[in-house]
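Open the structure in your viewer and keep the selection tool at hand. The tour below goes one selection at a time.

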Amino acid sequence: MFYRETGQFKTSYAADQQIFPIRQDRVGVALLLVFAYLVVPVIADQYWFSAILIPFLIFSLAALGLNILTGYAGQLSLGSAAFMAVGAFGAYNFMLRIPDMPVIPAFILGGLCAAAVGILFGLPSLRIKGFYLAVATLAAQFFVIWALTKFGWFSNYSSSGVITAQQIYLFGVFAVDTPAKKYLLTLFVVSVMALMAKNLVRSNTGRAWMAVRDMDVAAEVIGYPLMKTKLLAFAVSSFYCGVAGALSAYCFLGTVEPDYFTLDLSFKILFMIIIGGVGSILGSFLGAGFIVLLPIFLNITLHPLFGLLGIDISTAVVSNLELMVFGGLIIFFLAVEPHGLARLWQIGKEKLRIWPFPH
Amino acid sequence: MQFFFEVTIGGLLSGVMYSLVALGFVLIYKASGVFNFAQGAMVYFAALTFAGIVDAGMPLYVAFVLSLVVMTILGILTERIVLRPLVNQPQITLFMATIGLTFFIEGLAQIFWGATTRRIDLGIQDEPIPWLLDQYNIVVSTFDLTAAALAGVLVAALAAFFQYTRIGRALRAVADDHQAAMSIGIPLQHIWAIIWGVAGFVALVAGMLWGARNGAQFALTFVALKALPVLILGGFTSVPGAIVGGLIIGASEKLAEVYIGPMVGGGIENWFPYVLALLFLLVRPEGLFGERHIDRV
């Protein structure tokens, strides 16, 4: 009844091609952005910023990057965390070695470093595909972390490769020091890059990626250059992951060591896009939200639950139970809705459109 | 030269262990097209179960039989609960499900048996073979050699099982072509349950040997990751590939660590197998023994 495009006529090509063709969607997104930019900084407290909102945004960005590569271009990757690490350490070194380096260009340069590494490790994708490629990207994962730990130059010769993010200033004057300011900076970067991604995937580039994903031989036959398309996907994806890594160093963690960006983190990001929805921008956000909130939720619920049953359990058991529930939920999710949360959202929208009728 | 031989032999013997883990991957991938990431967790679970039962005062063979029962049940349950609802899903979905399974099994193992490292004593001496030491001054551990022999027996037994039994024939038929196998009346689901059981058995053997070498500890799950470059080197669908790949990876990573490592600061064992496998793939994308893939539009 409320969610219906009846009566919304399009009179120009621009109106026909806009990102959200339905007015209700536009209003919804606008409201969400207003809420995120104006209301959240006022109502959220320190815990919400640093434990939920900032990690959620950063992981959304990383998931977005992986989704471009896996969901749109069809190249499975297990090395996202490595590209995040390159971004983080790249941005750190630019800030460190160039005096008065502005922060946003440093993030972009860090992202470009990640993109370069991404292209390098994307080269095998020209010859191999599927799980062979996934295992090949593991090479990136282990090699990058090893190099960052081994060569002191990357971490300015600090012990065991730990870097401490410098204090950042926007335009040289505004210090980004409180969680609320860090949140706003992260939100700004993420929303701009999400918009870019949304536009990118519905452009010629995005269509080329999807053609390669659906059948690369056919894509080549109709004239998409495979090499350029695949490497571009690797570059853009790694760029997104790299910026996410830089953000996590400067706005989330503060001090970072290479070992933070482990294979487990790569898997987490992969989980996000699987649970959120492969090949969906919205899905990246939904999946990131799910994976960030689930451990917190389990932590809050498991203790009282066992307290209720009168069983006293140790923290070790709880953390193991968390592992089990996490794994079990993922299996359950895949069995029930293999296309992810984004698909559920779509089904919901369809239902809303035809409501109150069943068909 | 003698040092070179010693490193190579040590590498080959540790490669046998990688082969054992890779074997579990290959069996399941061949039969059901599932890339079972949980194989490493299964090895860990098997090692802990075995060590736990031995610690409870059981003799070795009872512990072996009991763990075998546990692993078979785990394998069959996995097939029933995790994979059956996911039939006909894309491979990446199945792969993700097995990553979920990895978390589940790791949690389960530690709740049951605790996270502490347990020692496994199989009663095999871990000493250099005196004859080789005297004659050529090369250190080769008896334990490693026994492990390699055990692995050889295991592979031979599996090969015989596949070649000469009724179930083995059915397994090969399923691996070849699911639909054709179904159409001539082979019960696909039973076969999958059996193959998961066999993978559990292989995991148990690998877990016992690894556990006896390094203790049954969480690090086993990371060691199992080394089976992945073995797989891409040998090909996902080839049992001989898993063996040869394991030997190559084992020997080359030790040689690289010793000869190239000092030039770049050491610790290259962690990524060298992957880079080696990657370079190899550039030449032969389907691995050493993998099936050649032909694209058709």
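What follows is a walk through a predicted model, chain by chain and then across the contact.

**Stop 1: chain A.** Select chain A and colour it by secondary structure. The display should show 14 helices and four strands. The radius of gyration of this chain is 21 Å, close to the 21 Å that the globule rule gives for 359 residues, so chain A is as compact as a globular protein of that length. Turn the chain to look along its principal axes: the C-alpha atoms fill a box of roughly 65 × 65 × 45 Å. Of the 359 residues in chain A, 45% count as buried. Now consider how the chain contacts itself. Taking the contacts in chain A with a separation of 6 or more, 75% are between residues 24 or more positions apart.

**Stop 2: helix 10 of chain A.** Select residues 226–253 of chain A, which form helix 10. This helix has 28 residues, and from its first C-alpha to its last it reaches 38 Å, close to the 40 Å expected at 1.5 Å a residue. Where does helix 10 of chain A bend? Centre the view on Leu247(A), where the bend is about 30 degrees. Then show the rest of the structure again. Helix 10 of chain A is largely enclosed by it, because 24 of the 28 residues of the helix are buried. Step on to Gly254(A), just after helix 10 of chain A, which takes a positive phi of about 85 degrees.

**Stop 3: chain B.** Hide chain A and select chain B. Here there are 14 helices and zero strands, so following the elements of chain B from the N terminus gives α-α-α-α-α-α-α-α-α-α-α-α-α-α. The C-alpha trace of chain B spans about 60 × 55 × 35 Å along its principal axes. A compact globule with 297 residues would have a radius of gyration near 19 Å, and the 19 Å of chain B agrees with this. Buried residues make up 47% of chain B. Among the contacts in chain B between residues at least 6 apart in sequence, 74% join residues at least 24 apart.

**Stop 4: the contact.** Show both chains. How many residues does each chain give to the contact? Chain B gives 38 residues and chain A gives 33 residues. On chain B, select helix 4 (91–113), helix 11 (227–234) and helix 14 (272–283), each of which supplies at least two residues of the side that touches chain A. Helix 4 of chain B provides the largest share of that side, 15 residues. Finally, colour this side of chain B by residue class: 27 residues are nonpolar, nine are polar and two are charged.

How values were computed:
Residues are numbered from 1 along each chain as its sequence is written. Chains are lettered from A and ligands numbered from 1 in the order in which they are written. This is a predicted model: local features need pLDDT of at least 70, side-chain atom pairs count only at pLDDT 80 or more; totals for chains, interfaces and linings use all residues. Two residues are in contact if their C-beta atoms, placed from the backbone, lie within 7 Å. Ala, Val, Leu, Ile, Met, Phe, Trp, Tyr, Cys and Pro count as nonpolar, Asp, Glu, Lys and Arg as charged, and the others, Gly among them, as polar. The radius of gyration is taken over C-alpha atoms; the globule rule is 2.2 Å times the number of residues to the power 0.38. A residue is buried if 20 or more other C-beta atoms lie within 10 Å of its own, exposed if 12 or fewer, and partly exposed in between; C-beta atoms are placed from the backbone. The expected span of a helix is 1.5 Å times one less than its number of residues. The bend at a residue is the angle between axes fitted to the seven residues ending there and the seven starting there.
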